[in-house]
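The following note is offered to a student who is reading a protein structure for the first time. Please keep the sequence and the model in view while working through the numbered points.

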Amino acid sequence: MLTKEIIEKKLPVGSCIHETKKGNKFKIVEFKNEKIFFSIPNNQQPGKFYRKSISIQLIIEIYENSVFDFKYFQYKDCRKSAARGIINKLKSIK
């Protein structure tokens, strides 16, 4: 069973969870209020970052659903890529 503590242990702050085709990296910034906060580069202002979050409960639900299809994911922005990256990283790390 996946828990917040296991996620924090496997994906510590600073972990890269997704790399775009352009080479931009999404990195975990903090765990707070049952959410995973991650940064994404701001292409308009180099060196600046946007900060987004995704619910830990949502990650756990996706992880435990072996047939989840991201085509039906509730978000259509960077959180979709971040969630997919988090799930892939969690499954690849033993």
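1. Where is N33 found? The model shown here is a predicted one, and in it N33 sits in the loop between β2 and β3. This residue is exposed, since its relative accessible area is 62%, which lies over the 50% cut-off for that class. N33 also has a positive phi of about 50°, although it is not a glycine.

2. E34 belongs to the loop between β2 and β3. Its phi is positive as well, at about 60°, and E34 is not a glycine either. With a relative accessible area of 49%, E34 counts as partly exposed. The student may wish to look at the backbone of N33 and of E34 when inspecting this loop.

3. The overall architecture should be described next. The chain contains three helices and four strands, and their order along the sequence is α-β-β-β-β-α-α. The radius of gyration is 13 Å, close to the 12 Å that the globule rule gives for 94 residues, so the chain is as compact as a globular protein of that length. The C-alpha trace spans about 40 × 30 × 25 Å along its principal axes.

4. Some totals for the chain complete this general view. Of its 94 residues, 34% count as buried. Among contacts with a separation of 6 or more, 36% are made by residues 24 or more positions apart. The chain exposes about 6200 Å², and carbon and sulfur atoms supply 49% of that area. There are 20 positive and 9 negative charges, and the mean positions of the two sets are 8 Å apart.

5. The interior deserves a separate point. In soluble globular proteins, nonpolar side chains tend to be buried together. In this chain the largest nonpolar core has 24 residues, of which I7, I36, F38, I54, I59 and I86 touch the most other members. Two or more residues of this core come from each of β2 (25–32), β3 (35–41), α2 (56–64) and α3 (78–92). Helix α3 gives the most, with six residues.

6. Which residues does I59 contact, once its neighbours within four places in sequence are left aside? They are I7, I36, I54, A83, I86, I87 and L90. Of these contacts, I7, I36, I54 and I86 are also listed with I59 among the core residues that touch the most other members.

7. I62 is a residue of helix α2. Is it buried or exposed? I62 is buried, because its relative accessible area is 3%, and the cut-off for a buried residue is under 20%. Apart from neighbours within four places in sequence, I62 is in contact with F68, F70, F73 and I87. I62 and N88 are 26 residues apart in sequence, and their C-alpha atoms are 11 Å apart in space.

8. In helix α3, attention may be given to A82. This alanine is buried, with a relative accessible area of 0%. Residues up to four places away in sequence not being counted, A82 touches I17, F26 and F38. F38 is itself named among the core residues that touch the most other members. A82 and E19 are separated by 63 residues in sequence, yet the distance between their C-alpha atoms is 9.3 Å.

9. The last pair to examine is K35 and S53. K35 is found in strand β3, whereas S53 is found in strand β4 (residues 49–55). The two are 18 residues apart in sequence and 6.1 Å apart in space, C-alpha to C-alpha. K35 is partly exposed, at 37% relative accessibility, while S53 is buried, with a relative accessible area of 18%.

10. The contacts of this pair can be read from both sides. Not counting residues up to four places away in sequence, K35 touches E30, S53, I54, S55 and I56. With neighbours within four places likewise left aside, S53 is in contact with K35, I36, F37, F38 and R79. It is suggested that the student locate K35 and S53 together in the model and trace the contacts of each.

Definitions and conventions: Residues numbered from 1 in each chain as written. Predicted model: local features only at pLDDT ≥ 70, side-chain atom pairs only at ≥ 80, totals over all residues. Heavy atoms only, no water. Rg over C-alpha atoms; globule rule 2.2 N^0.38 Å. Buried < 20%, exposed > 50% of the residue type's maximum accessible area, 1.4 Å probe, protein only. Contact = heavy atoms within 4.5 Å. Areas by Shrake-Rupley, 256 points an atom, 1.4 Å probe, with all protein chains shown as cover. Lys, Arg positive; Asp, Glu negative; His and termini not counted. Charge placed at Lys NZ, Arg CZ, Asp CG, Glu CD. Core = buried A, V, L, I, M, F, W, Y, C linked by side-chain atoms within 4.5 Å.
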